[in-house]
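The following exercises are to be worked with the sequence and the three-dimensional model at hand. Each task is followed by a solution in steps.

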Amino acid sequence: MRNKLIAAFACTTALVSTGAASAADLAARPYTKAPAYIEPLFNWTGFYVGGHIGGAWTNEQFINNGTGAPFGDLVPGQGYRQRGAGIMGGAQIGYNWQANNYVFGMEGTISGLDNKGTVVNTAFGAGDDVFNWRTNVLATVVGRAGFAVQNNLFYVKGGYAGVNNRLNVSDTVGVAQGSGGQTHWANGWTVGAGWEYGITRNWIVGLEYNYAAFGSQTYQLGGLSGNYTFDAKPRDIQWAVVRASYKFDAPVIARY
């Protein structure tokens, strides 16, 4: 009996020693760090469409160019310059391409204006000749270049501008009387600058200021007494607008 107890004790001791050694040989359980948070970057690349609204200021100039003046009572070389302001609004469409923090793009806009004015020539009495002018449609096609800081984009732009311009005259006093008007599309150039902010992945808002200058056109204001011919143009147009655009999805850029 004693021998059996000694044998059982020896067997138990061996088993405990073997288990302890096996446990000591096992490596410590490795610690796994939680994945780092991935912060998405706003991506300016993609097509966008939107609208804008604000105010515009036009400097209009018209001068008798000396080619026939039987009515209107302005001698060759004489004319007027006037400033008019109004509300403007319209739509824009464009595409941006982003490389690191730099953003390049093309954009086209079409806007309606309500800039107009009236000038009265009193050479032969009050209300003798009444001149009216109006600029009512403005279009631009420009290139844009900017610098992006996350959701903020600061940019400059420049390119083509064109405007629809109308001039009228009504002469109701004196021997040579008449009235007439003509509309022309004037071509020119524009520059501007702005700031945009991406409020979501797709929706963008911004502020923008622009300046445009135009070449003159010849207006033949035909009336009962013949043609009264002017060189007329919007010398320049300035406008400031708020913008909102929807940008279509582009590949997501992530920073680790």
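**Exercise 1.** Which residues make the nonpolar surface patch of about 1,100 Å²?

*Solution.* The model is a predicted one, in which local features need pLDDT of at least 70 and side-chain atom pairs count only at pLDDT 80 or more, while totals for chains, interfaces and linings use all residues. Residues are numbered from 1 along each chain as its sequence is written, and side-chain values use heavy atoms, with hydrogens and water left out.

Step 1. The patch of about 1,100 Å² is made by Phe 47, Val 49, Ile 93, Tyr 95, Trp 97, Tyr 102, Phe 104, Phe 147, Val 149, Phe 154 and Phe 248. (Patch residues have over 30% relative accessible area and no salt bridge, and nonpolar side chains, namely Val, Leu, Ile, Met, Phe, Trp and Tyr, are joined within 5 Å; a salt bridge is a side-chain nitrogen of Lys or Arg within 4 Å of a carboxyl oxygen of Asp or Glu; areas come from the Shrake-Rupley method with a 1.4 Å probe, and for residues only the protein chains shown count as cover.)

Step 2. At least two patch residues come from each of β2 (46–64), β3 (79–99), β4 (102–121) and β5 (129–149); strands are DSSP runs of E with at least two residues, numbered from the N terminus. The most is given by β3, with 3 residues.

**Exercise 2.** Determine how β5, β6 and β7 are paired.

*Solution.* Step 1. β5 pairs with β6 (residues 152–171) in the antiparallel sense over 20 bridges; pairing requires at least two DSSP bridges between two strands. Within this pair, Leu 138 has Val 163 of β6 as its bridge partner.

Step 2. The hairpin of β5 and β6 has 2 residues between the strands, and Gln 150 takes a positive phi near 55° there.

Step 3. β6 and β7 run antiparallel and are joined by 20 bridges. Phe 154 stands opposite Trp 195 in β7.

**Exercise 3.** Is Thr 190 buried or exposed, and what surrounds this residue?

*Solution.* Step 1. Thr 190 belongs to strand β7 (residues 178–198).

Step 2. Thr 190 is buried because its relative accessibility is 3%; buried means under 20% relative accessible area, exposed over 50%, and partly exposed in between (1.4 Å probe, protein chains only).

Step 3. Leaving aside residues up to four places away in sequence, Thr 190 touches several residues, among them Thr 140, Lys 157, Tyr 211 and Trp 239; contact means heavy atoms within 4.5 Å.

Step 4. The Thr 190 side chain reaches the backbone oxygen of Tyr 211 at 2.8 Å.

Terms used:
Helices (H or I, at least four residues) and strands (E, at least two) are DSSP runs, numbered from the N terminus. A polar contact is a pair of N or O atoms within 3.5 Å; within protein, one must be able to donate a hydrogen and the other to accept it, and residues adjacent in sequence count only if both atoms are side-chain atoms. Patches are made of residues with over 30% relative accessible area and no salt bridge: like charges are joined within 9 Å, nonpolar side chains (Val, Leu, Ile, Met, Phe, Trp, Tyr) within 5 Å.
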